[in-house]
Structure formats: C-alpha cells, structure tokens
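Subject: Structure for your files

Hello,

Here is the structure I said I would pass on. My notes on its salt bridges follow below.

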Amino acid sequence: MATSRRPRSVRHDPTLSTLWDSYSLSLRAENKSPRTIQTYGESIRLFITHLAGAGHPGIATAVTRADVEGFVADLLGKWKPATAANRYRALGSFFAWAMTDGELAKSPMSGTKPPAVEVAPVDALTEADLKALDAACAGTSFEERRDAAIIRLLFDCGLRRAEISGLELHDIDLKLAEVTVLGKGRRIRRVSMGVKTTRAVDRYLRMRRTHEWASTTECAWLGLKGVLTENGIRQMLERRATQAGLGHLNLHRLRHTWAHHMKLSGMPDSDLQNQGGWSSPAMLARYGASATGERARKAHRRYSLGDKV
C-alpha cells in the first residue's frame, strides 16, 4: 500500500513590485486620494530602481536596513531633504503594511531615522505685490477673466494646487460666496470668498458659458484644448507673475501669503486651521513663519509700554 506524502510547502518570496500591487489595492480600499497613491507608488518604484542598480534581486524579505539608508543617502544627493523625507515616509508606510499583512516579520526600516529637514521660511507677498499680480490679469478676454478668478481664489482663500484644479461648477456657490473643496485626506471643507473674489469668479463663469468646451465638462477651469490642468494653472501663474514683475512664483507661496495676512489681520488660529484645511495646529506655525517678525513688530506698536508712560 502506497504511503501518502504531505505536500511540500512552497517558498513564498514576493518581490517589492508584487507587494506594491497589493498595497495600492489596500490604499484604494482605504479611500486614499489618487495623489497619495501616486506619491507612494513613485517612492516604491524609485526604491526598486535604486536596488536594481545595486544588483539587489528586489525580494522583499532580502531588503535590509543598509538598503534603506543607502536609498535615502542617494535621494539626499539628488533632491531636497523635504523630498527625501516624503519618500522615506512613503517607504515606511509600505513596509508597515507588509508587516501587518504578514508578508514581513520585521521592517527593514526598524532603527532608521528620517532625514532632518530644515524648514526654510517662505517670504509672503506684500499687498502691493498682490495688486500687481491682480492687475496683470486686468481685461475682458476669456483668459484674463479666468486667470483673475484663479489667482484671487489662491491668495484670498489659500487653496492648495489640487484643490483649485479640482473645482467643479457645483462646488462654487456665488450666493453664499463659498467654494467647497476636497482637501488632503479627502476631507471636504467650505471656504469663504471675499466680495472682490466672488465678483471675479462670477465674471469668469458668465464668460465660461460661451466657451466651446463648456458643455463637455463640469470642471470649472477651461483652456484652449479643454480642461485646464494643474500644470496649466502652474504655467499660467508663472506667466502672470512675470508680467507683474514678481519673478518666479509658485502656488504654495500664495498659500503662505494668505496665511500670513490672515494672521496679521488677527484671524484666530482655530478659524485659520479650519479654512486652511489643516488637521493639526502644529502646521500653522509653518505658514507665514517668515513674517512672524513683522507681526510681532505690529503687535508691539499696538501694545507699546512706552506709549502709555
């Protein structure tokens, strides 16, 4: 009588690429934003490319602490520390998931530290700068009306790049003077517009109805070839900033500018956090940090002891 043999266990050595496919599915199940998934994916692929260049097989269980530290060192040689830190965090999240799902017994990132990031203060634009930027969009053409509306929403509401580009027609309420945006962490919030900004948006929307692409999409911003993308908004801002004599200008600097002027006007931190879409009060300290001295001097003039004596 033949004796039965127990089947041999099959060795399971998943590659990082295979695990990324499963991890990206997990991220989608957690309703992470497409941008978050894209950022994580870029980080994992960069890590895989780095390992391949060093002759590593790309097997998850074969990754060591030295591999991770070598990757971070390579990033620091090519990019800013903040970029390297973002890649490091994405990698940490990936390996933490691999442990939770039973693919790894220990994370190769155990004992490693993220690269130190020195937060450089961002100079806020002055009111004169903003007036010059607004004036660069003066006119009645479609592009001028559109650009004026976008730029005003950026410095009047402090919207992020993805928030401004993701606006759709139903997100804009002219009667309440509000826009509804999808922020980081897929958190929805309503942001108030000033009267002049509401007028600029209204002027654009009225002209938008005549655009050849108007009936094809709900996206708020249109260009010559259809929907105006994030990159199109970035290029537009750089062009208008050059016309205004401001040199290079990115969207994030306008967000810092908005936060600074809101603080300077006395807006409570809790309200600023709500309108800015920050999940933690700690983030407030990073915005408008370059102008803390100006705010302190203004406060001193208001409370000066010498003026009371």
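**Salt bridges in the model**

Asp134 and Arg152 form a salt bridge, with their closest N and O atoms 3.5 Å apart. Asp134 belongs to helix H5 (residues 127-135) and Arg152 to helix H6 (residues 142-157), so this contact ties together parts that are 18 residues apart in sequence. Asp134 counts as partly exposed at 25% relative accessibility, whereas Arg152, at 14%, counts as buried.

Please keep in mind that this is a predicted model. A search of the whole structure gives 14 salt bridges; two others are described here.

Helix H6 also takes part in a contact with helix H9, through Asp147 and Arg240 respectively. These two residues form a salt bridge in which the closest N and O atoms are 2.8 Å apart, and it links parts of the chain 93 residues apart. Both Arg240 and Asp147 are buried. The pair is part of a network: salt bridges with shared partners join Arg146, Asp147, Arg239 and Arg240.

Helix H9 (residues 230-243) has a further link, to helix H2 (residues 34-53). Here Glu230 forms a salt bridge with Arg35, and the closest N and O atoms are 2.6 Å apart. Glu230 lies in H9 and Arg35 in H2, 195 residues apart. Glu230 is partly exposed, its relative accessible area being 23%; Arg35 is likewise partly exposed, at 35%.

Regards

Methods
Residues are numbered from 1 along each chain as its sequence is written. This is a predicted model: local features need pLDDT of at least 70, side-chain atom pairs count only at pLDDT 80 or more; totals for chains, interfaces and linings use all residues. Side-chain values use heavy atoms; hydrogens and water are left out. A salt bridge is a side-chain nitrogen of Lys or Arg within 4 Å of a carboxyl oxygen of Asp or Glu. Helices (H or I, at least four residues) and strands (E, at least two) are DSSP runs, numbered from the N terminus. Buried means under 20% relative accessible area, exposed over 50%, partly exposed in between (1.4 Å probe, protein chains only).
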